[in-house]
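Reader: I have a model on my screen and some labels I want explained. Can we go through them one by one?

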Amino acid sequence: KQILSTAVAGSKDGMRIRKEIWEYNLLQALVLVLKQDFSIVDGEWQIAASLAAILSQVCTGLDLPSAEVKKFEDEVLLEAVSNMFLVTRRIQARYAKIPDRAGHMKERNKLLACYRGVLESIVYLASGHTSVPKKVLECPWLLQLLITDDTDTVVAIMDLIPKILRVNRIVLRSLNQKLILSIMDELIYKLSVSNEVSVGASACKCVLRICENHRPLVETLCTRYKGLRPLLAKWEGAGFSRDLKEIHLLLQAGNAQKAENERFFRAAITIQAVWKGFITRKKLVKANKTFSKFQQQYRLKKRVLEERKVQAKEAIELQRQLKLNRQRIMREFKEKQLHTVEILPAAMLERYMQRQQNKSAVLIQKSWRGHHARNSMQDREVFVKRYRAAITVQRAVRKWLKKLEDKRNKIKASLKPPGLTDDRRVEIQRLINQNRELKPTVYTSREELEQGHKKAAEMLARYYQSARVNREKQHHREALIARLNVDSELVHLAPPLNSVTDKDVEMYSSNLLPVATKAKNNHIEQLRLLRQPWWKKLCDEYQDQEYVDDEQIIF
């Protein structure tokens, strides 16, 4: 078991180990060992269950030559299945003899676990070979194990049948009809007689799986077991109502085709119900959101209306208070004025009234001027905008006129090239005449003459097209040479460093930002090179930038 656990079925090591087990006849010996009575062996039926598991592992994934495959399937597998069922029959017999009491429950549970372990080994063996399910169902021990009345062992056997049918769904077509009917008779008997829920559920499940895999049995189920429908009524509410509904559907339909159509019809109804429920719930959720939003908007609008009403009331109350306050102030002012008039002498009354009129006039003028200034502010803003727009237009026009003037002031292409003096022109004309005398051009036709003139015109046009550019380049070169001459003269006339004055420093300094930035970069680069090792200073000044070290200084 330890060796097989390290070599998975289907792997290279697993196939090699299983082939060696076959060659050394260990598999045949293992099949024969299962025939003995394990009640007299140490470990008893746990050993039998372990040996059955090893046998199923060895047989699954065994790769044999084509000459030995038939022998393996017809003899070894058949005997292995038979011996495994023999072990289960003996375990069942031993299990039935042990009384169902509290003191014997531990032993019963051990035997039941061994029983189920052997059945799982049979299922594992059937999953590796498609011919094993037929051998399992045709084995006489299967029917004998199914006939017993013990609940736990019968449930395990009935659980085995759907698993075998799941491995090979067409195995029932190759079985004898009499054998299938015998299994069905026993399953229907369990449904009708037994009162255990586990037995009824397992039997119902087996009947459904057999009818699904072998459709002709549906008609047999309706004709052979006519009184089955009333017997199924006692299992209502037992916990497997879904399987009971399927059996009732088969009995009601009468054949597989009608049952299938009915199943599809019910499936369509279920799908429609689920879909309608989903749509309804979705609409309800949407409606709830809509109602909540509507209520929220309604409450918000109502609160806004109430706030507006309160604000309107407050505004009316404020106006009333302001009016009352203004009336009170006016009344107090009048009373104060009357009191002042009463206490003043008659000679000073006219002067006082004149001063009050002047104050009132100043106040009225001040209010009017403020009102007039505020009204004229918009006109002033428009005037400022127009003034700024005129400045912008003038600036643009001046730039455009300057560009035109710069174009007119460019170097003329009609200027003589440098070095073309009168003596040089006479010499060039003499060389041209001499070349024409040595190599005269003879035109044989008018077309050649026209082509020659056309070629000369093209050459003259190319010359005049590049003349302006060449003059500008020549002018630039002359300016650059003059600048270099001036710079070299300044460097030549520069005083030594020990006698430099502030005036010399100011003369050799530049106020231009690009020049100052370049000088600063060169200074930092020189400082960096001083800190570098000697072999990094060997690079050429004009070396390509892609070969320069990646180390850069960021400002």
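Author: What follows is a set of short questions and answers about the labels used for this predicted model.

Reader: How is the protein chain divided into domains?
Author: Domain 1 covers 1-175 and domain 2 covers 288-370. The bounds come from an automatic or database domain assignment. The C-alpha centres of the two domains lie 108 Å apart.

Reader: What makes Trp22 and Phe72 an edge-to-face pair?
Author: Two values. Ring centres must lie within 6.5 Å, and planes over 60 degrees apart count as edge-to-face. Trp22 and Phe72 are 5.7 Å centre to centre, with 85° between the planes, so the label fits. A search of the whole structure finds 3 aromatic pairs, this one among them.

Reader: Where in the chain do these two rings sit?
Author: Trp22 is in helix α2 (residues 12-23) and Phe72 is in helix α5 (residues 66-97). They are 50 residues apart, and the pair links distant parts of the chain. Both Trp22 and Phe72 are buried.

Reader: Why is the pair of Trp275 and Phe278 called tilted?
Author: The centres are 5.7 Å apart, which is within the 6.5 Å limit, so the rings pair. The planes stand at 35°. Stacked needs under 30 degrees and edge-to-face needs over 60, so tilted is the label left.

Reader: How far apart are Trp275 and Phe278 along helix α15?
Author: They are 3 residues apart in helix α15 (residues 256-343), so about one helical turn separates them.

Reader: Why is Phe278 called partly exposed?
Author: Its relative accessible area is 40%. Buried means under 20% and exposed means over 50%, so Phe278 falls in between.

Reader: How do you know that Cys59 is not in a disulfide?
Author: The closest cysteine sulfur, in Cys139, is 15 Å from the sulfur of Cys59. The limit is 2.5 Å, so that is too far for a bond. The structure holds 0 disulfides.

Reader: What makes Cys59 and Cys211 buried?
Author: Cys59 has 0% relative accessibility, and Cys211 has 3%. The cut-off is under 20%, so both count as buried.

Reader: Which residues have the most contacts inside the largest nonpolar core?
Author: Leu27, Leu55, Phe72, Phe85, Ile210 and Leu221, in a core of 90 residues. Leaving aside neighbours within four places in sequence, the contacts of Phe72 include Trp22, Leu27, Cys59 and His129.

Methods
Residues numbered from 1 in each chain as written. Predicted model: local features only at pLDDT ≥ 70, side-chain atom pairs only at ≥ 80, totals over all residues. Heavy atoms only, no water. Phe/Tyr/Trp six-rings, centres within 6.5 Å; stacked < 30°, edge-to-face > 60°. Helix = DSSP H or I, 4+ residues; strand = E, 2+ residues; numbered from the N terminus. Buried < 20%, exposed > 50% of the residue type's maximum accessible area, 1.4 Å probe, protein only. Core = buried A, V, L, I, M, F, W, Y, C linked by side-chain atoms within 4.5 Å. Contact = heavy atoms within 4.5 Å.
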